[in-house]
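Trainee: I should like to work through this model by question and answer. Could we begin with the chain folds and then turn to contacts and single residues?

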Amino acid sequence: MSKWANRVAVTLLWICGLLTVGALAAVIVYVFIRGVGQLNLDFILSAPRGVNAEGGIGPTIVATIYVTGLAMLIVTPIAVLAAVYLAEYAVQGKLVTVIRFAADTLSSVPSIVMGLFGFAFFVEAMDLGFSVLSGALALSFLMLPIVMRTTEEAIRAVPRYIRWGSYGLGASKWQTVSKIVLPSAMPRILTGLILAMGRAVGETAVVIFTMGQAINLPISPLDSGRSMTVHLYTLAMEGINMDAAYGTALLLMIMVLLFNLSARWLARRKGRFEE
Amino acid sequence: MTTESAFGGVPEASTVAGTPKFTVRSLDFYYGDFHALTGINIDVKDNAVTAFIGPSGCGKSTFLRCLNRMNDLIPGARVEGTITLDGADVYGAGVDPVDLRRRVGMIFQQPNPFPMSIYDNVAFGPRLHGIKKKSELDTIVEQALVRANLWKEVRDIMERGGLTLSGGQQQRLCIARVLAVQPDVLLMDEPCSAIDPTSVQKVEDLMAELKSSVTIIIVTHNMQQAARVSDETAFFLQEKQGTPAELIEFGRTAELFTSPRDRRTEDYITGRFG
Amino acid sequence: MTNKQEHGGSGLAQETGELKMMSRATYFREALLRNIFMLCAIVAVAAVALIFVFVGVRGWPVVDDPGIVAFLTGTEWSSTYGEFGILPLVSGTLVVTLGALLLGAPLAIGTAVFLSEIASPRMRSIVRPAVEMLAGVPSVVFGFFGLVIIRPVVADLTGSMGFGPLTAALILAVMIVPTIATLTEDALRSVAPGIRHASYAMGATTWQTIYKVLIPAAKIGIIDATILGMGRAIGETMAVVMVAGNAPQFFSGLGEPVATLTSQIVIDMSYASGTHRTALFGLAVILFLISMGLVGLVRSLARLERRS
């Protein structure tokens, strides 16, 4: 009896595993098949024309890269230094508890709430309007707890005795952290950053309320723009130009996959001076 | 030789050439609530090798770490009593522990070269202290590697990663690294327990050469090694689980091993426990 | 009587008897650095406070108009009539989330168990990356996929347009699988291997070991994973907007449009003003409170586990 139950159960579990892979494959394959026909230089470089958004999605690609890049520029120093504090300087106590609780809470905020906050605070209160800057600031709030966590883990992964070797030579704490600990942790920190970037690229609810929906090519950070995700959303909801939607979806997937794969590759690489 | 044992009293008069480098009086050490060491009194001689022996876990390494204030890095660590280095209180107000650790270098049980080139490993310390000129660094690095008995083996591969060396070579690299900052004292915490016998030999050889310019304290669980390399030996013991460790006996190595004064020392040396 | 090796010009040789005092410059520099890093860490706290304040302040007027009771218990959400009761939205969220959990949690837990106990290293090297990559797919792409593939199927199944809880739940289920599966796998992996060996040594089959030994042992971790998956489903917006139909009405059929707390915000925000807009911020406050509550729940469970 138990043998039979075992067979059934194991089969079901296999099905689970395969279904999950299947779901991913389905999305990738389908988007690829329907979208690959759209991918040509014109699509990538030119702007949408006319009511039906014929043409390309160039400005949206620029907007996505612009807002994501700016967000990472803003969040990385703060998050990394915050992680340094938590991993190297902080002593267990009220302050650390509060900080950790805040980071947990921040990471649980639904992106729609973050989007509304970004609208209320950056777009209206700080009068930045719909802009790349508003979007980047809102995104950096979203990214902060993620990067803090991955960076802290990366720092803690550096073995204690390496630090002690540095202290034993008469290095100060900051010298040890900056010359030994952070360089050792760098591959892992970078992996975390790349994964955060992938997440930011896929964000919609935050950018739609902060960077806006206008299709223009953002040049200055105060220009508004439409990200690829918002463009896909708009096209899908309008239902008029599904071809462009597929093309956008495919490009989006390619970008995300690139981030994912480079993070993976980086995680496997060993440091130059390790065996 | 009838002198009082170092336990709970005045340490025996110096019979080894050299003035006291470290003077420790009534040292008690706590990790938070845990009382790890009690009543340590000892004078460690300059230009000599002193060995700390005793069963594992009895606080030898903890005491070693008190001497260069590495225990400061452990939260909850507390020191009572005095330790002086060349007459100055190591735990005095305002003393810079960072500079203390430059003067009192430490070698750990597990070789821990930095993930950088051999050259950069040894140059790390001098660079920290502001030495930037390549020619100066080259000289310092070479000298340190020579003193650490490693120069001949690595002179042609200085750009290779420190971690590509064998265990024994890595440990000597760590020694060179410390020597590069010109310490007065070298604290060695079981430096040979994780490396191959040939390298052990080389490390013991370099200890003999270094002691004329550097005070060396070595923690070791290998009594033969202690007998081979040290001029004086201190025996530590934690009588019972949960009680603090004490310094039981301290004296010239030859005498401690052939005619120990304390019963417990004799038991340990003859292998009745530990 | 020390023979010290002097090193001309290096400045390293030290006179005996002198212990260098920490210079004021060093002390201040170290303290300054420490404080800078601490400030960076406090940014997280400031961020949470800002969000709370700004969203809260913008949503607060809801207490007066339409009034906190009417808001929380009203059964109509209609901008044309100025009625802003959240119950239809709450029911939408509940139905969609429950559906997603019912479909997605078993799949996720099954996948995690598969990865942890059954898969060969080669299978693992395929399935585990697949789970990670699934986590990276943007929600709009999932929504898009739901729109073009799932909706027509559901439409055929239910004889409706296909925009509704079923489609939404299906898509959300796939979206929460990575969250639940990764955490469940972690929980399973942290169960001591000795426990498995003991079970197998007694002649238990794989399934018996999983069912009677491993899952109970990893129970808290699995519950945590599910709660976090639920949080993800509750907070999901774009995918839901694209497939749920966006009609703020109570559940009336698997293929009949509904709206959730999240989707309503996106739909209305573009034209909302005045009371309507305040009500939307009120929704945001509720969502914020829900997610904080879930975090608190997970933390208390973790504390419970630590105590046992």
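Mentor: Helices, of at least four residues, and strands, of at least two, are DSSP runs numbered from the N terminus. The model is a predicted one.

Trainee: How many helices and strands are there in chain C, and which pattern do they follow along the sequence?

Mentor: Chain C has 12 helices and 2 strands. Read along the sequence, their pattern is α-α-β-β-α-α-α-α-α-α-α-α-α-α.

Trainee: What is the radius of gyration of chain C, set beside that of a compact globule of 308 residues?

Mentor: The C-alpha atoms of chain C fill a box of roughly 100 × 65 × 40 Å along the principal axes. Of its 308 residues, 48% count as buried. For a compact globule of 308 residues the radius would be near 19 Å, whereas for chain C the value is 28 Å.

Trainee: Which domains does the assignment give for chain C, and what distance separates their centres?

Mentor: The assignment gives domain 1 (24-63) and domain 2 (69-307) in chain C. Taken over C-alpha atoms, the centres of domain 1 and domain 2 of chain C are separated by 31 Å.

Trainee: How many residues does each domain of chain C bring to the contact between them?

Mentor: On the side of domain 1 of chain C that touches domain 2 of chain C, the classes are 3 nonpolar, 2 polar and 1 charged. The contact takes 6 residues from domain 1 of chain C and 8 residues from domain 2 of chain C.

Trainee: What are the corresponding domains in chain A, and how many residues enter their contact?

Mentor: Chain A is assigned domain 1 (2-38) and domain 2 (41-268). Their centres, over C-alpha atoms, are 30 Å apart. The contact takes 7 residues from domain 1 of chain A and 8 residues from domain 2 of chain A.

Trainee: Which element of chain C gives the largest share of the side that touches chain A?

Mentor: The contact between these chains takes 67 residues from chain C and 68 residues from chain A. On the side of chain C, 19 residues come from the element with the largest share, helix H1 (residues 24-59).

Trainee: How do the residues on that side of chain C divide by class?

Mentor: The side of chain C that touches chain A holds 3 charged and 12 polar residues. The nonpolar residues there number 52.

Trainee: In chain B, which residue takes a positive phi in the hairpin of S1(B) and S2(B)?

Mentor: Strand S1 (residues 20-31) and strand S2 (residues 34-45) of chain B pair in the antiparallel sense over 8 bridges. Within this pair, Pro20(B) has Lys45(B) as its bridge partner. The hairpin has 2 residues between the strands, and the residue with a positive phi near 60 degrees is Gly32(B).

Trainee: Which residue in S4(B) stands opposite Phe29(B)?

Mentor: S1(B) also pairs in the antiparallel sense with strand S4 (residues 77-85) of chain B, over 8 bridges. Opposite Phe29(B) in S4(B) stands Val79(B).

Trainee: Is Met228(A) buried or exposed?

Mentor: Met228(A) lies in helix H10 (residues 228-238) of chain A. Beyond its neighbours within four places in sequence, its contacts include Ile57(A), Thr64(A) and Leu252(A). The cut-off for burial is 20 or more other C-beta atoms within 10 Å. Because Met228(A) has 26 C-beta neighbours inside 10 Å, it counts as buried.

Definitions and conventions:
Residues are numbered from 1 along each chain as its sequence is written. Chains are lettered from A and ligands numbered from 1 in the order in which they are written. This is a predicted model: local features need pLDDT of at least 70, side-chain atom pairs count only at pLDDT 80 or more; totals for chains, interfaces and linings use all residues. The radius of gyration is taken over C-alpha atoms; the globule rule is 2.2 Å times the number of residues to the power 0.38. A residue is buried if 20 or more other C-beta atoms lie within 10 Å of its own, exposed if 12 or fewer, and partly exposed in between; C-beta atoms are placed from the backbone. Two residues are in contact if their C-beta atoms, placed from the backbone, lie within 7 Å. Ala, Val, Leu, Ile, Met, Phe, Trp, Tyr, Cys and Pro count as nonpolar, Asp, Glu, Lys and Arg as charged, and the others, Gly among them, as polar. Domain bounds come from an automatic or database domain assignment. Two strands pair if DSSP finds at least two bridges between them.
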